[in-house]
Amino acid sequence: MRTAFINQLVTEAELHENIVLLVGDLGYSVVEIFADRFPDRYYNVGIAEQSMAGIAAGLAHEGYNVYLYSIGNFPTLRCIEQLRYDVAYHNLSVKIVAVGAGYAYGSLGASHHATEDIAMLRAIPDTIVSTPGDPVETRAIAHLSANIPGMMYIRLGKARETIVHTNEIDGLRIGDLLPVEMKGSKTAILAGGSILAYAQERVNSGEINADLYSVPFVKPLNVDCLIHLAECYDNITVIEEHQLSGGIGSAVVEVLSDLYASGRIVNMPHVRRVAIRDVFCHVGGSQQYLRNYMGLKL
């Protein structure tokens with residue numbers, strides 16, 4: 001995903017002279033294509049993410065659309081105060097790009113397990129939170145991010161993620177759900193992030209009878225899409241590589257509950273959430289090993 005994102009950002013920067021990329025001393029063998037093409041719009045701030053967020057806010061105040069790029073928890077949890085006060089409060093155009101969502105850096109321990117970031121970022125007012133499921137969705141979201149103002153969080157995998165979509169995505173709207181596998185079932189599976197490929201594999205194995213949707217946005221969710229789900233499905237399973245509290249499943253349940261309370265849907269589907277229970281992961285290992293260890297299974 002990270003390569004797909006940077007390549008698309010180079011394309012967008014060719015069209016938008018206000019795009020600036022800040023990195024926190026990482027991305028070697030990935031970001032050079034941007035740095036070489038736009039040396040005056042690329043800054044390696046070093047291992048100083050909170051300062052990087054302040055620099056991003058200053059550049060955005062001057063009219064730039066700034067991309068703040070680092071690993072998992074570092075541009076998010078470490079910078080949450082700066083993002084809230086310096087960026088979001090002033091409605092500045094800063095796009096926070098976190099590489100290594102969930103357990104992508106699993107062997108490095110809890111400091112690198114990005115498993116609370118969605119909950120924290122979606123609680124900040126007027127912030128878009130996106131969770132692309134494969135490189136194709138990543139390109140579409142990178143394109144969209146270059147053409148909208150305001151703060152946005154883009155939660156990426158690390159590398160070598162499976163390509164799920166066979167065609168490029170045109171006309172992606174903020175909040176859309178994307179159908180991936182339609183089996184004519186009364187059960188739907190919603191997957192956000194790179195765990196989408198696992199969900200597709202399980203559905204296509206024939207062991208699970210369900211329609212599969214990708215959730216490229218957690219905030220906002222397209223209300224019309226959720227109404228459609230409520231009308232078509234009796235059961236919905238949401239799977240994500242994030243804490244149970246405040247993640248994608250929480251967002252889906254909240255919107256469906258509000259729709260039911262307001263009378264916009266007549267039936268409330270049964271929603272099952274597959275996510276990380278209220279614990280830290282105290283072991284290291286590959287991403288797949290930790291997914292299994294923490295019970296992220298359909």
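# Salt bridges and helices, in conversation

Reader: Where does isoleucine 80 sit?
Author: This is a predicted model, so let's take its helices as our landmarks. The run covering residues 80–87 is a helix, and isoleucine 80 has its place there. That helix is α4.

Reader: Is isoleucine 80 buried or partly exposed?
Author: Buried would mean under 20% relative accessible area, and exposed would mean over 50%. Isoleucine 80 comes out at 22%, so the label for isoleucine 80 is partly exposed.

Reader: Which residues does isoleucine 80 touch?
Author: Let's leave out residues up to four places away in sequence. With those set aside, the ones isoleucine 80 touches are Met120, Leu121 and Ile124.

Reader: What separates the C-alpha atoms of isoleucine 80 and lysine 95?
Author: Along the chain, these two are 15 residues apart. In space, the gap between their C-alpha atoms is 13 Å.

Reader: How many salt bridges does a search of the whole structure find?
Author: A pair counts when a side-chain nitrogen of Lys or Arg comes within 4 Å of a carboxyl oxygen of Asp or Glu. Searching the whole structure that way, the number found is eight.

Reader: Which residue forms a salt bridge with arginine 37, and how many residues apart in sequence are the parts they tie together?
Author: The partner is glutamate 14, with the closest N and O atoms 2.8 Å apart. Arginine 37 belongs to helix α2 (residues 32–37), while glutamate 14 belongs to helix α1 (residues 2–15), so the pair ties together parts whose separation in sequence is 23 residues.

Reader: Are arginine 37 and glutamate 14 buried or partly exposed?
Author: Arginine 37 has a relative accessible area of 42%. Glutamate 14 has 42% as well. Partly exposed covers what lies between under 20% and over 50%, so both residues are partly exposed.

Reader: What do the buried residues of α1 pack against?
Author: Buried residues in α1 include Phe5, Ile6, Leu9 and Val10. The buried residues of this helix pack against several elements, among them α6 (135–145), β3 (65–71), β4 (94–99) and β1 (19–23). The list also includes β6 (151–156) and α2.

Reader: Which helices does the salt bridge between glutamate 254 and arginine 122 link?
Author: These two side chains meet at 2.7 Å, N to O. They are 132 residues apart, so you can trace the link between distant parts of the chain: arginine 122 is in α5 (residues 117–122) and glutamate 254 is in α9 (residues 248–261).

Reader: Which of glutamate 254 and arginine 122 is buried?
Author: Glutamate 254 has a relative accessible area of 39%, which makes it partly exposed. Its partner has 16%, and under 20% means buried. The buried one is arginine 122.

Reader: What should the residues of α9 span?
Author: There are 14 residues in α9, taken at 1.5 Å a residue. The expected span uses one less than the number of residues. The end C-alpha atoms agree with the expected value, which is 20 Å.

Reader: What phi does glycine 263 take?
Author: Glycine 263 comes just after α9. Its phi is positive, at about 85 degrees.

Reader: Why does the salt bridge of arginine 291 and glutamate 241 tie together separate parts of the sequence?
Author: The closest N and O atoms of this pair are 2.8 Å apart. Arginine 291 lies in helix α10 (residues 287–293) and glutamate 241 in strand β11 (residues 235–243), so the parts tied together are apart in sequence by 50 residues.

Terms used. Residues numbered from 1 in each chain as written. Predicted model: local features only at pLDDT ≥ 70, side-chain atom pairs only at ≥ 80, totals over all residues. Heavy atoms only, no water. Helix = DSSP H or I, 4+ residues; strand = E, 2+ residues; numbered from the N terminus. Buried < 20%, exposed > 50% of the residue type's maximum accessible area, 1.4 Å probe, protein only. Contact = heavy atoms within 4.5 Å.
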